[in-house]
Amino acid sequence: MPPSVHRGMSTGERIAAWRVYRGVTQEACAGLVGKSLSWWKKVEQGVRHVERLSDLALIAQILNVRDLADLTGGLEFSLALDRKREHPQMARMRAALAESIAPPDGNGDPVEPVDPTSLQADLTAMWAEQDSPRFVWSAACQIPPLLRTATAVRWAAEDAASRRRAMGLLCEAYIMAGYWFRYVSDSGPAQNASFLAQSAALESGDPRMIALAAWLQAGVLKDLGQFTESVSMCERGAAVLEPGLADDPGDHRALWGHLQLQAALNAAHAMDDGTALRFWDRGDEMSRRLGPDYVHPITVFGRANVGIFLIRVNTALGKAGAAITAADRTDISAMPAATSRALALVDVARCYVNRPGHDDVAAVHMLRRAEEESPDIVAFSTFAHEMTREIMRRGDRTVSAEIHDFARRIGIFT
């Protein structure tokens, strides 16, 4: 154990101490982990966290550290990075996704016709609930029957036009399912939903559905750490929309703009500052063209969303000060999606935890605000869990009781 390591050190500080103790350069370590030098420096500075247990294990191997607890200050903390809670609706959601690939009656016989117009109205109504703090729970109740209905519409289609429309509706249901699985940090079913959405989108021939499927797939790739591929997916989805941008009153333009913002966030996770900000600028410009009151019904792309993404991009880049400044200039409450508000507030909390000197009081305040916006988002956020453990480890008496109560509410301990 390096003599400079002590109990109060953060994971980044411990990694730095072990690296110096072993006599290895930052450049060498970054290359062996497969990360940029900027990423490694920000981990040591505490600006970024090691988000994956596999990366932490590789760092331990490179630095010849036998016990992960020597890097994290506690093995329980390190395992929390990858540990997943099971949402009460998870089994039902997985079953609904699996059942959606077969005829509703299970044997391929003709099924009773279902009105596609009614299904579209139900899907639209579900997206309209995004502003609710309980949207994640509500969606879990609605998605299984919507998937069953969309599957019935698909199998009841009698001609090519009807089938294309049905596949577009099924694609929309898959997209919501995929995002639900992402909300509760379950990448396996999210991947499956994204593949099914892409297949349905292509059969529908609808550029909007193809773009939305690309949006979901890009998010899944980001969650898996495949940042370059996720940026490319956004670009491919946007390219499908471009032929119709000139004559489109809003829908294609909004989807194109949102894909720019998604690409910006994905590039930021790859620590590509210039590319991230260029994509964000494109999304910002498109939002200004659509006007201050425009909001897309599914992606909620609009002026508030552009501000939210600037917070998240700067957080991913490790620019805590810039992210906090962006948050101060953004009316997060104007964002018409509770999940997006919660994610933005979790990111602001990360910035307060990570910036030099730390500000655990502000971080706890932001985490509580995020919990009020969407309890499910916070309960299943690995970042929220990691920050909570970090704040508890630091032992600031000002927030001790509050952070322990918060930890119980999000399930860190009972």
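Contact here means heavy atoms within 4.5 Å.

## Overall form

This is a predicted model. The chain has 22 helices and zero strands. Its C-alpha atoms fill a box of roughly 75 × 45 × 40 Å along the principal axes. For 414 residues, a compact globule would have a radius of gyration near 22 Å, and the chain agrees with this because its own value is 22 Å.

Of the 414 residues, 55% count as buried. Among contacts with a separation of 6 or more, 67% are made by residues 24 or more positions apart.

## Surface and charge

About 17400 Å² of the chain is exposed, and carbon and sulfur atoms supply 51% of that area. The side chains include 45 positive and 51 negative ones. The centres of these two sets lie 6 Å apart.

## Helix H1

Helix H1 covers residues 11–22. At 1.5 Å a residue, its twelve residues should span 16 Å; the end C-alpha atoms are 16 Å apart, so the helix agrees with expectation. The buried residues of H1 are Thr-11, Gly-12, Arg-14, Ile-15, Ala-16, Ala-17, Trp-18 and Arg-19. Two arginines, Arg-14 and Arg-19, are on that list. After H1 comes Gly-23, with a positive phi near 75°.

## Helices H7 and H9

Met-90 lies in helix H7, which runs over residues 90–99. Its relative accessibility is 1%, so Met-90 counts as buried, the cut-off being under 20%. Leaving aside neighbours within four places in sequence, Met-90 is in contact with Trp-180, Phe-181, Val-184 and Asp-186. Met-90 and Ala-140 are separated by 50 residues in sequence, with 8.3 Å between their C-alpha atoms.

Helix H9 spans residues 135–156 and contains Pro-144; Pro-145 is also found in H9. Pro-144 has 0% relative accessibility and therefore counts as buried. Pro-145, at 29%, counts as partly exposed. With neighbours within four places in sequence left out, the contacts of Pro-144 are Arg-92, Met-93, Ala-96 and Ala-139. The C-alpha atoms of Pro-144 and Glu-99 are 9.3 Å apart, for a sequence separation of 45 residues. For Pro-145 and Ala-173, 28 residues apart along the chain, the C-alpha separation is 10.0 Å.

## Helix H15

Helix H15 is made of 18 residues, 273–290. These should span 26 Å at 1.5 Å a residue; the end C-alpha atoms are 26 Å apart, so the two values agree. Buried in H15 are Thr-275, Ala-276, Phe-279, Trp-280, Gly-283, Asp-284, Met-286, Ser-287 and Leu-290. An α-helix has 3.6 residues a turn, so residues three or four places apart point the same way.

The cover over the buried residues of H15 includes helix H13 (227–241), helix H14 (251–269) and helix H16 (303–316). Just after H15, Gly-291 has a positive phi of about 100°.

## Loops on either side of H15

Most residues other than glycine have a negative phi. Met-271 is not a glycine, yet its phi is positive, about 65°. Met-271 is placed in the loop between H14 and H15. With 10% relative accessibility, Met-271 counts as buried.

The loop between H15 and H16 holds Thr-299 and Val-300. Val-300 is a residue other than glycine with a positive phi, near 50°. Both of these loop residues are inside the burial cut-off of under 20%: Thr-299 counts as buried because its relative accessibility is 5%, and Val-300 because its relative accessible area is 6%. Beyond its neighbours within four places in sequence, Thr-299 is in contact with Leu-212, Trp-215, Leu-255, His-258 and Asn-305. One of these residues, Leu-255, falls within the range 251–269 of helix H14, and Asn-305 falls within the range 303–316 of helix H16.

Notes: Residues numbered from 1 in each chain as written. Predicted model: local features only at pLDDT ≥ 70, side-chain atom pairs only at ≥ 80, totals over all residues. Heavy atoms only, no water. Helix = DSSP H or I, 4+ residues; strand = E, 2+ residues; numbered from the N terminus. Expected span 1.5 Å × (residues − 1). Buried < 20%, exposed > 50% of the residue type's maximum accessible area, 1.4 Å probe, protein only. Rg over C-alpha atoms; globule rule 2.2 N^0.38 Å. Areas by Shrake-Rupley, 256 points an atom, 1.4 Å probe, with all protein chains shown as cover. Lys, Arg positive; Asp, Glu negative; His and termini not counted. Charge placed at Lys NZ, Arg CZ, Asp CG, Glu CD.
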